[in-house]
Amino acid sequence: MTATPPRPAHGPGSTWDSPEAVARVASAYRTADVAALRTAQIDLLGPIEGASVLDIGCGPGIYARDLALRGARVTALDSAPAMLAAVVEETHAAGVAVDCVEGDVSAIPCPAASFDAAVLVQVIEYVTDAVAALQEIRRVLKPGGRLLISDTDWETASWGVGDRALSDQIKRAWCATKPHADAGRQIPDWLVAAGFDIVAWEPRVLAVSDSLGDTFLGHTWPSYRRLLDRLGTVPTADLDRFDRLCTESSQRGTFSFCVTRHAWLAHSPGGSQ
Ligand SMILES: C[S@@+](CC[C@H](N)C(=O)[O-])C[C@H]1O[C@@H](n2cnc3c(N)ncnc32)[C@H](O)[C@@H]1O
């Protein structure tokens, strides 16, 4: 019997590289709660009209679209071809155009000093050598170039479902699926180690009061539940009970979910931006 080879962590053939992953990320990132964060984060970047901006790990292109709508000249980079196909549709539907590049944040296929700014949102938590990736981003930024980087600190996640032990068990298993579950709090140390100058910090709480609704959590949890089931790190009976508690507390109006998302603005050294 031949064993199925493990899927790559990212890029062609990975779990990111499918229409299902595109639909899941796009639906979660279109929700009103994430849209509010996105607007605040792009504001943090400052004026970008006419600037060349590299959106790294662009996913289905929602940041790329919004950056282009603000007048930036956007290059959208992702290692998953399915995501890049979605970027073309997303930006076309919005009446803007962006360049698409398939590539890895750890080896960006662009010359040095190519961009005025870069955006890296919800990507560094998946990158094993975070500092090397940030050094690579520094290489493609012009001196004084701006980097907007944002990620979640999943270790701050809390579910109010009336069973603290069970929700902590779910959180531990969820965090264990990621190379850097606490990426959000590590970002400033990584930025400094990669030689960036820190300019600003914008922490926000992503808060959801209905586990079943059209929210980030509502769109994200079902795929995490399937992953935890497949990994076997939480017994199915506990996952079923957690689902029941989420539903019942949402119906009662007592459900809560909160997690901290950090956004940082940094500059590459030199220049006058
Ligand atoms: C959670 S999505 C974030 C999408 C987008 N940045 C957003 O916030 O809307 C993560 C994306 O990072 C991409 N990705 C993961 N590891 C990568 C790597 N090493 N290089 C480039 N892209 C990567 C995945 O293919 C996926 O599209």
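The following questions and answers concern a helix pair and the ligand surroundings in a predicted model.

Q: How are helices H6 and H8 oriented to each other?
A: Helix H6 spans residues 164–175 and helix H8 spans residues 216–231. Their axes lie 11 Å apart and the packing angle is about 80 degrees. Angles of 65 to 115 degrees count as roughly perpendicular. The orientation of H6 and H8 is therefore roughly perpendicular.

Q: Into which classes, nonpolar, polar or charged, do the residues of the contact of H6 with H8 divide?
A: From H6, the residues Ile170, Ala173 and Trp174 take part, and they meet Leu217, Trp221, Tyr224 and Leu228 of H8. No polar and no charged residues belong to this contact, and its residues are seven nonpolar.

Q: Which residue offers a polar backbone atom 2.7 Å from a nitrogen atom of the ligand?
A: There are 17 residues around the ligand, and those that come nearest include Tyr29, Asp78 and Gly57. A nitrogen atom of the ligand lies 3.4 Å from a side-chain N or O atom of His10, and one lies 3.1 Å from such an atom of Asp104. The backbone atom at 2.7 Å belongs to Gly57.

Q: What percentage of the ligand's accessible area does the protein cover?
A: On its own, the ligand has 600 Å² of accessible area. The share of this area covered by the protein is 98%.

Conventions. Residues numbered from 1 in each chain as written. Predicted model: local features only at pLDDT ≥ 70, side-chain atom pairs only at ≥ 80, totals over all residues. Heavy atoms only, no water. Axes fitted to C-alpha atoms, helices over the stretch in contact; angles between N-to-C directions. Helix = DSSP H or I, 4+ residues; strand = E, 2+ residues; numbered from the N terminus. Parallel < 35°, antiparallel > 145°, perpendicular 65-115°, else oblique. Contact = heavy atoms within 4.5 Å. Nonpolar A, V, L, I, M, F, W, Y, C, P; charged D, E, K, R; others polar. Near = heavy atom within 4 Å. Polar contact = N/O pair within 3.5 Å; in protein donor to acceptor, adjacent residues only side chain to side chain. Areas by Shrake-Rupley, 256 points an atom, 1.4 Å probe, with all protein chains shown as cover.
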